[in-house]
Amino acid sequence: MFRPSKHIREKYLEEEMWPSIFCQGCGIGTVMNATLRAIDKVGLDIDQTIFVSGIGCSSRVPGYLDADGLHTTHGRAIAFATGVKLANPELTVIVFTGDGDMAGIGGNHFIHAARRNVDLTVICVNNYNYGMTGTQVSPTTPVGGITMTSPYGNVESPFDLSALAIGAGAAYVAKWATMYPHEMMTAIKKGIEKKGFAFIETLAACPTGYGRKNKMKEGKDHMLWCKENTIGKSRYERLSEQEQNSCGKIVIGELRNIEKPEFTAEWSKLVEQHYME
Amino acid sequence: MRQVISGNEATSLAVKLARVAAISAYPITPQTTISEKLSEICGSGELNAKFVKVESEHSAMATLIGAASTGVRTFTATSAQGLALMHELLFWASGARLPIVLVDVNRAMAAPWTIWCDQTDSLAQRDTGWLQFYCWSNQEIFDSIICSFKIAEELLVPCMVCYDGFFSSHTYEAVDVAGQSEVDRFLPPRKAEYFLDTKNPQTFSGGTLPGYFMEFRYKLQQAFDRAHGVIDRTYGEFAEQFGRKYDNIESYFTDDAEAVLVASGSAASTALHTVRKLRLDGKKVGLLRIRQLRPFPEQALIDALKPGQQLGVLDRNLSPGTGGVFTQEIRAALGRQGKNQPVYEFVAGLGGRDITENDIKTIFAMLGNGQGDLTQINWVGLKT
Ligand SMILES: Cc1ncc(C[n+]2csc(CCOP(=O)(O)OP(=O)(O)O)c2C)c(N)n1
Ligand code: SF4
Ligand SMILES: [Mg+2]
């Protein structure tokens, strides 16, 4: 169980729900910690914030928060969240999801919400597997990754979730790892403040599942893995084209931050226009 | 060879021995260990099958519809939310007359979230045109899957084999696992008459005007009518070769019974255990175990009942607004046959609550002393 500072704990956590179900060394706690600190920094009114999630370990987060939460069916969190936002645009809507939930079974909702640029903040815990059901191959399992359904190594190409979000039209996209909680917090803060679809991908350890099968049995192993296998965006951009192509590292950082018309606002404008006529 | 295995392992072994060529599945508790075992068997080359690890159950069924249309043998397994997500394509599989075999490890439907057993998930699919079997032991799971391929492929109707989540899926029992040559002898390779064939191009399931649609449905119903005979014959052949005989309704101590309970799945084994105990106390009670929902074994049910018996049905499921699905099916069958037999309805064990020996005793006590209510659901073990 992770222990946030007293202030955060008392302000945002649902005391009765603790301790959590998260395994020792699980990355979800760090992402949750960063999220709560971001919320605190923004000064969000937690009573005007809705947390929506699907199914998976990462989707359990809203259950531990002392805020309104909508725990929905597997993969559909973003669709439910779109409904919440449309019906009441005044609310801040934050979606907590996992790689399987969001990019597997719910992939369609993800790309379409990004395309529409609905004002949601989607935080995805990418732990490269279906953790909750016991380590099965997911759309982000690296090639060669060992899981219970790829016991001889995964042969499918994984999604780059952030690239997918950018391609689909998201207004804000950042990718961080639990190795960088402070940067992650800043990205989540910016995502919440963004008027439009904000996507924060967080590379996280699942020591019980993916980690155990892929030589990252402890939480710290994933940290070290991240250190070796990721490169900051600004550093990456300073590399020559040839170096970029051969570095083989995951680029992390703020990958997109643009202004574009937001769906609920555009919709209201349309209604107003026709209502006036 | 006798092995001590879980219900889910019995499934994986049966699928391997049936030489399935295409498998597609998405993880969901309590089914997941089936797909895990099958990935291992396919990955190691023990079974020469393509296993597609799709992104949802809807895609799993779609993949199998494609694969089965090429004439090969196909399999998937799921539970609850996964089966519900397949709903649209379940109709498609039966309408396209594809003999896909699916295992549903019974789990209650959310909301609220649960992973525990009841049978509402598969019973809710009863109108989709799939044969449905319900098992109570790991041996029966193994045998039913082998038989299902044969039955489904003869009738060109898809088939669902159901058993209780955790109670059966994760419980270990001794199972007589047949050898490959024995299974091959019983279950030859699928021989599809109509399939996607580059040498003889055909298009399937295209737009159908009102002039023909009804006839497609009539033919499907005819297949279900024929199913009674095909299933009986297949069980006969199976018994001859393997020495284990199945019936779609099995009677235990019913000949002289004054009160008879109908039950299915793992609860039926608790019921049988209780019936045996009550018999030792001199109580004239009996059990009818129903193994098949589609086609509904109407004649077998009528044959199994004696006039004047108090009849109760144990339903581990609920169709809100009417009640237990087995009860409704049995009442309808009796009505169709002109039998004016009262049926007491008992709903128990929803969302994984245990159905205990005491619960079964309570039911028999209510049947015996007329305490049960005929006009409404008798809830068993409900907190009030
Ligand atoms: C329709 C449906 N299919 C399957 C499941 C089973 N299921 C629950 S959680 C989960 C995977 C979650 O993976 P991910 O979103 O990556 O979360 P993690 O546990 O890894 O954090 C699956 C397949 C389900 N609940 N509903
Ligand atoms: S299974 Fe993995 S994702 Fe789930 S709580 Fe454990 S470590 Fe975290
Ligand atoms: Mg995951």
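This report walks through a ligand site, a chain contact and one buried helix in a predicted model.

**The pocket around ligand 2**

Let's start with ligand 2. Its surroundings come from chain A, and they include the cysteines A:Cys23, A:Cys26, A:Cys57 and A:Cys206. Also in the shell are A:Phe22, A:Ile28, A:Asn127, A:Gly131 and A:Met132, along with the run A:Pro207, A:Thr208 and A:Gly209. Helix α8 of chain A, residues 207-213, is the biggest giver here, with 3 residues. As for character, the shell has 8 nonpolar residues and 4 polar ones, and no charged residue at all.

**Helix α2 of chain A**

One of the residues around ligand 2, A:Ile28, is also among the buried residues of α2(A). This helix covers residues 28-42, which makes 15 residues. From first C-alpha to last, α2(A) reaches 21 Å, close to the 21 Å expected at 1.5 Å a residue.

How many of the residues of α2(A) are buried? The count is 11 of the 15, so the helix is largely enclosed by the rest of the structure. Among the buried ones are A:Gly29, A:Val31, A:Met32, A:Leu36 and A:Ile39, and A:Arg37 is on the list too. The cover over these buried residues includes the helices α1 (6-12) and α7 (181-193) and the strands β4 (121-126) and β8 (198-203), which belong to chain A. After the helix comes A:Gly43, with a positive phi near 75°.

**Where chain B meets chain A**

Now for the contact between the chains: 14 residues of chain B touch 18 residues of chain A. On the chain B side, the largest share comes from helix α2 of chain B (residues 32-43), with 6 residues. That side of chain B splits into 3 nonpolar, 7 polar and 4 charged residues.

Here are the two residue sets side by side:

| Residue set | Nonpolar | Polar | Charged |
|---|---|---|---|
| Shell around ligand 2 | 8 residues | 4 residues | no residues |
| Side of chain B that touches chain A | 3 residues | 7 residues | 4 residues |

**Chain B as a whole**

Chain B is built from 12 helices and 15 strands. Its C-alpha atoms fill a box of roughly 70 × 50 × 45 Å along the principal axes. Does the radius of gyration of chain B agree or disagree with that of a compact globule? It agrees, because a compact globule of 384 residues would have a value near 21 Å, and chain B has 21 Å.

Buried residues make up 51% of the 384 residues in chain B. Looking at contacts in chain B with a separation of 6 or more, 80% join residues 24 or more positions apart.

How values were computed
Residues are numbered from 1 along each chain as its sequence is written. Chains are lettered from A and ligands numbered from 1 in the order in which they are written. This is a predicted model: local features need pLDDT of at least 70, side-chain atom pairs count only at pLDDT 80 or more; totals for chains, interfaces and linings use all residues. A residue is near a molecule or strand if its C-beta atom, placed from the backbone, lies within 6 Å of it. Helices (H or I, at least four residues) and strands (E, at least two) are DSSP runs, numbered from the N terminus. Ala, Val, Leu, Ile, Met, Phe, Trp, Tyr, Cys and Pro count as nonpolar, Asp, Glu, Lys and Arg as charged, and the others, Gly among them, as polar. Two residues are in contact if their C-beta atoms, placed from the backbone, lie within 7 Å. The radius of gyration is taken over C-alpha atoms; the globule rule is 2.2 Å times the number of residues to the power 0.38. A residue is buried if 20 or more other C-beta atoms lie within 10 Å of its own, exposed if 12 or fewer, and partly exposed in between; C-beta atoms are placed from the backbone. The expected span of a helix is 1.5 Å times one less than its number of residues.
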